[in-house]
Structure formats: C-alpha cells, structure tokens
Amino acid sequence: MESTENRVGRGTWARYKLAQAQFTSWVKQTADKVVSRKPNGTAPDLQTKGVETSPAPAKESRRQKKARAKATVTPLADPRLETNVESAKSVHWTELEVLALKIAQNAEPEQIPDAAVNILRDVVNLRKKSFKFFSGAAAKRPADRKLQESNQTHAHIINVLERILVKFEALTSARRKVTKNEKPDEKNPMGLSDLINMFTHLEVQTSPDAAEDDDQADPPSEDDRKSTRSKKSHKSKKKKPRKERRSETRAPPRPSMTDNHDDTSWLDTFDWGLPSADEDDEDDEFDFYMMVYCFFEDLNTIRNYVQERWCDYWYDRSVHLNTLAVITNAAFELFHMLEWDLMKALKFHPELTQYTFMMDMLFIQIGLEHIDYDSYDDLSQEEHDERLWRDEADWLGFLSYCTINRTLQNVPPGKVPMLPPSARKKVVYGAHNMKTWQQFENTISFQMITEGSLLKALKKNGQVPPKLPAEPLLLLSWQEALKRHAITTSLVFSFHLWVDIRHIMEEQVLNPFNEMQKTGQRVVDALRLHDPNSVTKDKAFKWEYKERIQDTTEFLLEDFTYEDKLLRFRQIGIAEDPEEFFLLKNEPVWAGLLDFRARLVHSEMGHQFAAFTYVLEAASYLYHAARAADPNLPVWDNMYKLNETYLDDSIFKSGFLGVKDPVAIIHNYQLAIKPPVGWDGPPDLASRSGFAQSVKIRRTLYYRYGFAEEDSYNEIAYMEHLAMHRLQLERYRGTPRTLIGSIRESNGLLDGEDVNGATTGVYSVAPPKLDEKSEEYLRRKAVLSKLSPIEMLQLVDDSVQTLLEGLLQLDYLQLFDEATLFLEEVMDAFGPEMQQRVNYKGGEGHPPARLDKLPTYLGEDLKAAAEAGNGKESEIISKLVDGCREFLTEMKLAGDTNTATEEVCSQ
C-alpha cells in the first residue's frame with residue numbers, strides 16, 4: 001500500500017481528526033488576526049468575560065492543572081493513535097468559546113469560510129452521536145457520581161460547541177445576503193496564508209516554543225507507566241442481553257489500551273487533535289472505540305452502496321454490468337485502504353487491529369452504537385438470535401469470518417481441493433434466515449475457495465503470471481490468506497460483499513460471463529482485421545497490440561484452468577470432466593472486469609492505431625467543409641462521436657467549430673493538423689492534445705485493468721487519478737465564441753464567412769453526470785478534508801458509467817475504416833489526376849496515411865483558383881459535397897443491410 005501522506009481518500013475517523021485540528025488552527029489564527037487588525041490596534045480583554053462552565057469535580061486531574069497552567073497545549077503524536085497529523089495546537093474547551101466570541105465580535109462575514117462552519121457542524125454531530133451512546137451507562141448507574149458529573153460536563157461541551165456554531169452560522173448567513181454586485185469590504189482582507197490550514201491537510205508546523213513547553217511537562221511516574229487498565233471495565237457501561245455468560249467464557253485478556261493510571265474521565269477536557277503521550281487517560285479508550293466503530297461503519301457504508309447498485313441492475317438494468325464489476329473491485333480496494341489506515345494508526349499495537357479482537361470488543365464487550373439493546377428484552381430466544389444475526393453479526397461480517405476460518409483449517413497447506421461436478425451442491429437462492437443463509441454461503445463459498453486455491457497453485461507452478469488480467473482483489477486476497485493462513489478484516493468484508501452479490505444476482509450470475517464472451521469475440525475479431533504494420537513501424541505498439549489479442553483470447557474465450565483441472569481429476573481418480581469456465585460463470589465480478597477490460601483494449605488500441613496517421617482528422621475537416629457548404633448532408637454519427645473526444649477549445653476543433661466557409665475549413669487543416677513544435681517523428685497518440693476528460697479517464701482505467709502483470713496501478717492509485725480528472729472543473733462549460741476566436745487567431749486559423757446563412761451547429765463535450773453544484777462541492781472537499789471512501793466510490797461509479805455511455809461507444813477502428821473509404825470516395829470524385837497525386841490504391845504497399853494529404857491538395861487547388869480568379873473554387877467544393885453525399889448514402893445502405901441481416905439471424 002502506498003503512502004497515505006498525500007492520498008486523496010480517508011476514512012471517517014481520520015477525516016474527523018483532521019477536521020478538528022484544521023478548525024482549531026483556524027480559530028486560533030483568526031481570533032488573533034481579527035483582534036490585532038481592529039482600527040484602534042488594541043484587542044479587547046475578553047478573558048475577563050465570564051464563560052459558563054459546568055460543575056467541576058472537587059479534585060482536579062493532572063490534565064486540568066496543566067490546562068490551567070498553559071494557554072495552549074501542543075499534543076505530540078501519540079504513537080498508538082497516529083493519524084498522519086503533524087500537530088496543531090490544542091485548545092481547551094473552556095477557551096474555545098472565548099476565541100469564538102472574539103471572532104464573532106470582530107470579524108467580517110467574509111472572514112468566516114463555509115469550510116469552518118461545515119467542519120464544526122460535523123464535529124458537533126459526531127460528538128452528539130458518541131455522547132448519546134456513552135450516556136446510556138449513566139442512566140443505568142445513577143449512584144455513580146463521577147460518571148454523572150462526567151456526562152454533565154460532556155453535555156455542556158456540546159452546548160458550548162453548538163453556541164459557537166450558531167454564532168458562525170449567523171455570520172455566514174449575513175454574508176449570503178449580500179448582493180452579488182456588492183464587493184466585500186477590503187479594508188480587512190483575510191489572506192490565503194491565514195486560512196491555509198483550512199485547505200491543506202494539516203501542513204502546519206509545531207512551533208519550537210510549544211515543543212519546549214511540552215518538554216518541560218512533568219514526566220509520568222514509574223507507577224503510571226506500569227499501570228494498566230482492562231477493557232472489561234466497559235462491560236458494565238453497555239451490557240447486552242443474554243451475552244453475560246458468553247463474554248465471561250469467551251473474552252480473552254485484553255492488552256492494555258493506556259499507560260496512565262489517571263482516573264480523570266475523557267469528558268473532563270475537550271482536546272482538539274490527538275492526546276499527548278504523557279496525558280493518556282480515557283480519551284484513548286473513547287478514541288479507540290470510535291476509531292474501530294467508524295472503521296466498521298465505513299466498511300458497511302461501502303458495502304451497502306455496492307449492494308444497492310447491484311439491485312439496480314437486477315430490478316431494471318439501470319446500471320451496466322461493467323460498472324458494477326469495477327465499483328465492486330474498487331470496494332475491495334477501499335476495504336484494504338481503510339484497514340491499512342487503521343493498522344498505521346495503531347502500528348505500535350498491531351494486535352488491536354486483528355478482526356477477532358475488534359469483533360469481540362464491538363460484539364461482546366461494549367456493543368454497537370446504533371443498536372437499541374433494550375429492545376431485545378421482550379424477545380423470545382429465536383427472535384433474539386435472529387435479531388442478533390441481522391443487526392450485529394451481519395454488520396460485523398461474522399458469518400463470513402467463520403466461513404473463511406473454517407476453510408483455512410480444513411485445507412492443508414499446498415493442497416488444492418477438487419470436487420467432480422456431480423458432487424457439487426445445488427445453490428438454493430432466497431435465503432431468509434440465519435440457517436438458510438449459512439447454507440447458501442457455505443455452498444457458494446466452496447466454489448470460490450476451490451477455484452481460488454487452483455489459481456494459487458497455477459501461479460506457484462509458473463503456469464500463469466503472478467497477477468492475471470483484471471484479477472479481482474478478493475481472489476488475490478484469498479490466495480494470500482492461503483499462503484499465510486491469516487485472515488484480514490478486508491478479506492472478511494470483501495468476501496462478505498461477494499456473498500451479498502451472489503444472493504442478489506441469483507440465476508442471473510451467468511449474465512456477466514455471457515456478455516464477456518460476446519465482447520471478447522468482437523474485440524479479438526476487430527483487432528485481427530487491422531494490421532498495425534499498415535500504419536506504423538513502432539515495435540512497442542505492435543508488441544502491445546499482439547499481446548492484447550493473445551491475452552483477450554486466452555482469458556476471455558478459452559478456459560485457462562481447464563487442462564490443469566482435468567489432469568488433477570485424473571490423478572485422484574475422478575472420471576468426470578471438469579465444467580468449462582466454472583470460475584467465470586460463478587464469479588460475476590471477474591467476468592465483468594474482463595468484459596470491461598476488453599472494451600478498454602478495443603478503444604485504446606483502436607485510438608492508438610488511428611493516431612499513427614491523420615486519416616481521421618483529414619476526413620473530419622473535409623466532412624465539415626462539405627457540411628458547411630450543404631447543411632442538408634446526412635449526419636455521420638461516428639464523426640460526431642470523435643468530435644466529442646476533444647475539448648471545444650482544442651486546436652483540432654477550432655479549425656471548423658463555428659466556421660461557415662468551407663474554403664476556410666480546408667485551409668485550416670494545413671494550419672491546425674500538424675505535430676507540435678519540436679515533435680520529431682511520425683504522429684502518434686502522444687502528439688495529439690486537447691482531449692476531453694473522457695479520454696483521460698479511459699487511459700487511467702486502461703493502465704489499471706489493461707495490462708496482465710506488474711504494469712498496472714498499485715491498488716488505490718488509479719482512484720486518485722480518476723478523482724483528479726473527474727473533479728477538475730472544465731475550463732469552460734460552454735466554450736465562448738470569443739475563446740474559440742482567440743485560439744484560431746493565435747494559430748493563424750481562418751474564421752471564414754457565412755455560407756447561405758447556415759450554421760454548422762455547435763459541438764460540445766458531453767457534460768458529466770454530476771451537476772455543477774455537486775462537482776464543486778466534491779472538488780472543495782478533495783482539497784479541504786479529502787474525499788470519503790464512499791465519495792471516491794461514487795466518482796469511480798460515475799466515471800465508468802459515463803465512459804460506457806460515451807467514449808466506449810465510439811469504435812475507432814470502424815471509424816478509421818469509414819474515414820479511409822470516405823477519403824477514397826472524395827479522391828475518386830476528383831478523377832484520375834487527384835488519384836495520381838494521392839497515389840493510393842489500397843492493399844499492401846499503399847498505406848492509408850497517403851490519404852491524409854487529400855485536404856492539403858484540395859487547399860492548394862483552392863488557393864490556385866483564387867489567385868487565377870477563374871471561379872473554380874465553387875466547382876471544387878461541389879465535387880467535395882458530391883463525394884461526401886455518395887459515401888454517406890452508401891454507408892447508410894450498408895448499415896440498413898447489416899441491421900436487417902442481424903434481425904433475420906436472431907429470429
């Protein structure tokens with residue numbers, strides 16, 4: 001897993017802690033700024049103003065004493081709870097309202113960014129959530145005076161934060177009432193440096209004097225360092241019905257969570273950021289519980305999202321199978337990312353991140369925040385067990401863990417379990433209770449487990465590459481579990497989600513496989529029909545082109561596991577033959593990924609193939625010139641799709657977009673379609689520029705799924721690139737005519753004049769599905785506090801679905817063939833003289849690249865006619881229109897014939 005320092009996505013807990021530190025830094029900086037910049041140059045002494053406080057315990061804790069002694073506390077990074085936050089000065093909760101009051105009285109509305117209010121609102125909500133959960137213990141223990149005081153203090157802290165939130169919301173509301181034409185007061189502008197911590201990921205450095213202050217703190221005593229506290233002390237806080245005996249017998253001794261014996265409650269102080277190493281008290285216990293709870297909450301949020309999308313397909317086919325496969329594998333990757341973050345945060349205590357420990361804490365010791373355990377009291381034993389399974393065990397993935405654990409215990413190391421097809425249990429769908437669900441899970445899990453074990457053996461024996469094309473992370477994780485005999489939480493939830501998908505799809509689990517084979521055959525046939533030698537001598541491209549044909553054939557059209565299975569069957573005396581494609585027929589995620597991979601290969605290889613010549617550009621300019629002369633010409637669908645792959649302000653489109661003079665368009669071809677300055681060599685895809693967002697997204701996904709082995713992105717990196725492409729606001733939503741004109745002018749292109757008052761129409765890049773408001777919001781969050789896992793998943797979902805509905809509908813190889821025929825038709829319309837100049841007869845020895853000179857020759861003829869003044873320009877344009885009409889008519893007839901043939905064959 002790559003470094004998390006500059007990664008885009010973070011889990012709920014990490015973003016919560018970052019938000020606290022960001023908000024604190026901003027409050028401290030802003031309070032100082034707004035007071036020091038008052039006209040009188042003096043700051044009012046607000047410290048003398050009373051701030052309501054809750055009743056304090058009679059005896060102050062060591063943390064309270066230090067808080068009173070210091071104006072601020074600079075927390076050191078607790079090695080056990082590290083969150084990649086360098087540090088931000090802490091603010092005691094009693095100070096926070098004072099600082100907020102300074103801001104409210106002295107700041108202008110423009111100085112309160114929405115980001116600050118949003119962060120504070122999120123913090124208040126999470127604090128309320130945790131208070132509601134932990135205050136349940138206080139209600140059950142009225143005699144515990146300290147617990148009652150702690151909860152009163154916590155409630156007061158929340159009230160303080162809510163009052164601050166009200167003040168800031170009032171300021172931001174006042175700002176929104178200002179009219180758009182009214183400029184904000186610039187006498188007291190807030191510089192970007194003042195708010196830098198609101199828009200970076202805590203890149204603030206701890207001041208040296210703060211570090212010195214912390215170094216002077218009293219070190220913990222030897223008794224403090226040696227003292228430990230058991231997690232079992234929490235059992236009385238939130239006891240779950242009918243679980244006392246289980247917890248007594250099953251709960252093993254827990255490692256110490258803290259090093260300090262101080263009994264001060266975590267409610268005594270409000271510490272923004274992480275606690276100091278020498279100030280550990282029950283903050284750690286609260287932090288650890290909420291950290292683990294948020295971890296599982298993120299896992300289930302991702303799981304629920306993916307489940308809903310598969311249900312959308314099952315009910316109304318509203319989402320593409322390829323999209324489902326990609327977001328499911330992305331969910332597997334996010335599970336790994338979140339687990340890695342948790343392990344990094346608790347790297348000095350890795351035993352705390354083990355699934356068994358976390359499950360025992362949440363399931364047995366403490367409980368789940370969102371469960372109403374009082375509702376269990378009046379249930380029968382059967383109802384109780386059913387609720388336990390549905391509400392808790394399923395939320396924690398416990399059944400999936402049991403299935404994986406039982407399998408690892410029963411599969412000897414180095415062995416591959418084999419079962420003849422006749423001995424396989426029939427999958428019974430429609431599980432509705434714990435017993436039927438367990439039977440269903442056991443049946444389908446054995447399918448995946450046996451096939452995954454075989455993949456591990458094939459790789460170990462060198463029969464297949466270590467990483468197969470588009471191999472899902474679930475299968476890779478299972479193979480790793482077989483090697484190490486270890487179960488990770490990410491594996492548990494990946495398998496848990498996979499079981500959900502199988503349950504949703506039922507018999508339709510075959511659909512991804514069937515679609516994969518159709519796509520694979522179509523792609524292989526198309527690639528084989530086009531010889532890369534006809535367009536380029538590039539050895540690297542020709543090798544890649546050949547490899548993509550080979551691996552598409554081997555992994556989509558052939559069962560690469562069949563021969564090894566057959567040999568193993570015979571070695572153990574099984575006379576039956578194995579079922580072909582058993583894995584891909586029962587693993588919808590991999591079948592969907594391979595289908596998507598084939599589509600990416602077809603588009604990427606086709607685009608690169610066509611880019612070695614200017615055939616597409618030549619055909620595009622001549623077609624648009626003909627359309628400018630005769631707007632009634634039939635529409636060339638694929639050519640319009642090609643236009644959508646370029647930005648409106650690209651050099652390619654600037655030569656004809658909005659130009660209504662056909663002569664000017666033809667002349668612009670010579671000026672616009674040429675390699676960039678300094679380009680040495682034949683054209684290729686790298687020599688093109690101005691591509692739309694969809695082309696960049698396709699290349700990102702191609703590099704993730706298009707390669708067989710080590711060339712693909714590592715785990716989560718491609719999501720970061722997708723986020724960068726997807727969240728970048730388009731430079732111009734609808735490109736202004738003035739911009740196109742300026743680009744034409746800077747490149748020496750011609751505007752031309754109206755022809756018969758007709759327009760060529762306006763082409764625009766297909767808008768993304770996210771509306772402007774949502775896109776701006778996500779982009780701001782990516783900069784401000786980093787994207788949440790579910791937002792990253794939604795971006796992947798939207799990117800893939802948009803790609804499937806847009807760019808991947810364009811067949812570059814088919815368009816290349818159409819463009820070649822179009823240029824031939826136009827060349828023939830000008831007779832033998834033009835045929836001789838172009839010197840293209842088709843077949844070997846006559847590369848299509850010769851045809852891309854046709855617009856240049858027509859431009860030369862038009863220039864000569866204009867200089868001669870013989871009026872032959874109209875004759876040249878007329879022949880171009882005739883050739884274009886002839887081609888489009890023939891293409892329409894051919895398309896109608898193909899459609900009729902397909903309909904007959906399907907009957």
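How are H11 and H31 oriented relative to each other? Here are some friendly notes to help you find out.

1. Before you start: this is a predicted model, in which local features need pLDDT of at least 70 and side-chain atom pairs count only at pLDDT 80 or more, while totals for chains, interfaces and linings use all residues. Residues are numbered from 1 along each chain as its sequence is written, and side-chain values use heavy atoms, with hydrogens and water left out.

2. Look first at helix H11 (residues 321-345) and helix H31 (residues 789-805), which pack at an angle of about 155° with their axes 9 Å apart. Helices here are DSSP runs (H or I, at least four residues), numbered from the N terminus. The axes are lines fitted to C-alpha atoms over the stretch in contact, and angles run from 0 to 180 degrees between N-to-C directions. H11 and H31 are therefore roughly antiparallel to each other (a word used for angles over 145 degrees).

3. Now find the residues that touch. On H11 the contact includes Val326, Ile327, Leu334 and Met337, and on H31 it includes Met792, Leu793, Val796 and Leu804 (contact means heavy atoms within 4.5 Å). By class, this contact of H11 with H31 has 13 nonpolar, 3 polar and 1 charged residues.

4. Next come the salt bridges: a search of the whole structure finds 25. Each is a side-chain nitrogen of Lys or Arg within 4 Å of a carboxyl oxygen of Asp or Glu. Arg303, Asp394 and Asp500 are linked in a network of them.

5. One salt bridge joins lysine 565 and glutamate 451, with their closest N and O atoms 2.9 Å apart. Lysine 565 lies in helix H20 (residues 562-571) and glutamate 451 in helix H15 (residues 434-460), so the pair links distant parts of the chain, 114 residues apart. Lysine 565 counts as buried at 4% relative accessibility, and glutamate 451 counts as buried at 4% too. Buried means under 20% relative accessible area, exposed over 50%, and partly exposed in between (1.4 Å probe, protein chains only).

6. Arginine 121 in helix H4 (residues 114-140) and glutamate 169 in helix H5 (residues 145-177) are 48 residues apart, and their side chains meet in a salt bridge (2.7 Å, N to O). Arginine 121 is partly exposed at 29%, and glutamate 169 is partly exposed at 25%.

7. Finally, arginine 885 and aspartate 882 both lie in helix H35 (residues 873-906), 3 residues apart, about one turn of the helix. Their side chains meet in a salt bridge (3.7 Å, N to O).

Conventions. Helices (H or I, at least four residues) and strands (E, at least two) are DSSP runs, numbered from the N terminus. Angles under 35 degrees count as roughly parallel, over 145 as roughly antiparallel, 65 to 115 as roughly perpendicular and the rest as oblique. Ala, Val, Leu, Ile, Met, Phe, Trp, Tyr, Cys and Pro count as nonpolar, Asp, Glu, Lys and Arg as charged, and the others, Gly among them, as polar.
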